[in-house]
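Please keep the model open while reading the points below, which are meant for someone meeting this structure for the first time.

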Amino acid sequence: MGSLIKFQRTLSIQSCFPETGSTPGSGQRTPPNDNIHTTRICETPVDEGMGVETMFSIEIPMTNSAQVLPLPPSGQHVSLLVTDRVSTAIAFRPTSTSQLTLPRRFLRVRTKANINRTVYVPLYQAALTGDWEKANEFIRVHPSSLTARITKGRETALHIAAGAKQANFVEELVKLMNARDLELKNKFDNTALCFAAASGNTRIAEVMVKKNSDLPSMRGSKGVTALHMAALLGHKDMVWFLYSVTKDEDLTKEDFIGLLIASISSNLFDVALHILDRQPQMAIERDSNGETALHVLARKTLAFSCKSGLGIGQGFSNSSTYMLFRSRLLWIAEEVLCIKGFQSKKILDMQPLELLKRLWEQITWLDDAQIGSLLRSPSQPTFIAVEFGNFEFVFELLRSYPDLIWKVDDQSRSIFHIAVMHRQEKIFNLIYDIGAHKDLITAYKDTNNTNMLHLAAKLGPANRLNIVSGAALQMQRELLWFKEVEKNVQPSYKDMRDTNGRTPRMLFTEEHKGLVNAGERWMKDTATSCMLVAALITTVMFAAIFTVPGGNNDEGTPNFIHTKPFVVFTVTDAFALFSSVTSILMFLSILTSRYAEEDFLETLPKRLIIGLTTLFLSIASMLIAFTATFVMVLSHKLTWFVIPVALTACVPVTLFAFLQFPLLADTIHSSYGSGIFARRDIDKLY
């Protein structure tokens, strides 16, 4: 619940542009109350074209008692609207001073300038579609509409056009307006520049700022600048332009930290690096949620797509030399080898890592107590990174600050415990790089007497289970995790009971009962479908060998026995028959399996591999046999048709390979390959 509350407090673009339901002329009425009469007394409109009126609203409860209401002065046109289940409108011109009675406590009179926005519908549509000719004609007829509020959200035509990215329309409209007109705000205090920042159209913003240079410093909804709004939406060009025209003295410390956080959240790492160059102290400042830029960067798993071989603690002099050398190589790749976009992509890939280094450089200037406080509240960045699977982030921090391996959360769980919980195998593998300290860390227990093996016994997160295909392979992955953690904990921990009296094995069985049942259904459905195909192939291939193409002579010898296509047909037919029969046996063994937990680790996956492989071979052999038969029978008459038929025969085989290869590859990789816990030398800490 705590994390949810923090998330709701985070500034977002939705909070800057709330839903208003503002459409021109969309007067929405409150649903009538069965116990209330609503009476509206309206004076004659002052301006017929603009529809301005003065309104008196009276709410009258449904009673049978006498009701008295003083009428307006004689001779004035009055419309009376009484609303109940059936709305009734009465228009009359009073000629006497008679009174309608109404108890005073029920009388509520209010005066309101109500703009009839239906008049502005043409202007609204023109601004939305960029039809300047239509808008210009409307403005000539109604000059006041140039700055009029044409929606319930009190937006002007400039707001609408800017939000709709109508650059030409905005350019013409701004020419007719003075500088002060561009400062008009809507109902939520947003200027038209805020709408331009949200749209990401830099040309619109340039036109506005050229007319009024004070616009970038003006604040919109929630006190947010247009620059901050552009950063929230990730409009890089807009952010750089607004940053260049916004004065530093117009931005507070809260603005800078908010802009830094928004830039990182929107993957604008070059902007974040620029802010740190000018405001290095922002690296340790916290936003309204108490988070620093390091906390936000920890969640950017996909951003760390390129991993540098340099650690953070190696110093920035070496890093700068390395960056210069690397940039030279990238220039050669792009200019000499004509690999366009190569350099810019590589630079973008390195920006998150460089940002991490800059942030950590500032943090290391703090004393140990301050570093501990920053990493502990409101949550530890390393724990966030582990949860999101941000391996490069964790890797770099551990290399530069090894003491992080001893940090625990409020339940005495280390980063390796969190890695087990969230099934992050690359991060868990780092435990093998810390030597004998591994035995100390794996001994940590939480307040419920739950050790690391208990965490491995719990069902993994859905997003990690879905990495592999099918419930059976998901169950295999869970078993691999349990076995791997079991190898690293003390022997006594294998039988340790938690506060509910459950050992890790008991907890594993309880947590994975549903997955075992789902895996059994998935295996049986797959085996049944594949066995049906294999049985059909067996039937066809068995019949084909006794009805050879071309027929037999009087001695019973096939007529084409001495031709090469006949030899190909015979061999492939026999191979397809034997392969399909083997496939049937494998799928039959899957159907009759006992489906115990351990069967999902090796037995069932191996049978599935053999079954799918032999089925694929039987299909390929069958099509080769068909092609050979076609060549024997029709090649002397339809020679030109042989090659297209042979190519067409490759289509089903290729299609089957593409459809089934991911499943087969996952199964082979987890059963016979290096496995999910395979390690590369480049991923070792020391």
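1. Arg594 is a good place to begin, and since this is a predicted model, what follows describes computed geometry. Arg594 has a relative accessible area of 67% and is therefore classed as exposed, the cut-off for that class being over 50%. The partner of Arg594 in a salt bridge is Asp599, with 3.2 Å between the closest N and O atoms. Asp599, by contrast, has a relative accessible area of 7% and is buried, so this salt bridge joins an exposed residue to a buried one.

2. Tyr595 deserves a look as well, because its phi, near 60°, is positive although the residue is not a glycine. Most residues other than glycine have a negative phi. Tyr595 sits in the loop that runs between helix 27 (564-591) and helix 28 (603-634), and with a relative accessibility of 6% Tyr595 counts as buried.

3. A second residue of this kind is Arg423, which is not a glycine and yet has a positive phi of about 55°. The loop that holds Arg423 lies between helix 19 (415-421) and helix 20 (425-428). With a relative accessible area of 2%, Arg423 is buried.

4. Which residues pair with the side chain of Arg502 in salt bridges? One is Asp498, at 3.4 Å from N to O, and another is Glu510, at 3.3 Å from N to O. Side chains of opposite charge can pair when their charged atoms come close. Arg502 and Asp498 are both buried, the relative accessibility of Arg502 being 18%. Glu510 has a relative accessible area of 45%, and therefore counts as partly exposed, a class that lies between the limits of 20% and 50%.

5. For the structure as a whole, the count of salt bridges is 25. Apart from the pairs described above, a reader may wish to find the network of salt bridges that links Lys483, Arg505, Glu597 and Glu598.

6. How many cavities of 30 Å³ or more does the structure hold? There are two, and the largest cavity contains about 50 Å³ of space. The largest cavity is lined by Phe391, Lys426, Asn429, Leu430, Ala678, Arg679, Arg680 and Asp683. By class, this lining consists of three nonpolar residues, one polar residue and four charged residues.

7. Some annotations come from the UniProt record, which is an unreviewed entry, and they should be read with that in mind. The record gives "transmembrane region" for residues 527-546, 566-588, 608-632 and 638-659. In the model, residues 566-588 are 100% helix and 0% strand, with 33 Å between the end C-alpha atoms. Residues 608-632 are likewise 100% helix and 0% strand, and the C-alpha atoms at their ends lie 36 Å apart.

8. The UniProt record, again as an unreviewed entry, also lists "repeat: ANK" for residues 222-254. Over residues 222-254 the chain in the model is 61% helix and 0% strand, while the C-alpha atoms at the two ends are 13 Å apart.

Key:
Residues are numbered from 1 along each chain as its sequence is written. This is a predicted model: local features need pLDDT of at least 70, side-chain atom pairs count only at pLDDT 80 or more; totals for chains, interfaces and linings use all residues. Side-chain values use heavy atoms; hydrogens and water are left out. A salt bridge is a side-chain nitrogen of Lys or Arg within 4 Å of a carboxyl oxygen of Asp or Glu. Buried means under 20% relative accessible area, exposed over 50%, partly exposed in between (1.4 Å probe, protein chains only). Helices (H or I, at least four residues) and strands (E, at least two) are DSSP runs, numbered from the N terminus. UniProt positions are given in the numbering used here, feature names are shortened, and annotations may be inferred rather than shown by experiment. On a 1 Å grid over the protein atoms alone, a cavity is a set of points where a 1.4 Å probe fits but cannot get out, and a pocket is an open set with protein on both sides within 12 Å along at least five of seven lines; lining residues have an atom within 4 Å of a point. Grid points are joined across faces, edges and corners, and a volume is the space filled by probe spheres set on the points. Ala, Val, Leu, Ile, Met, Phe, Trp, Tyr, Cys and Pro count as nonpolar, Asp, Glu, Lys and Arg as charged, and the others, Gly among them, as polar.
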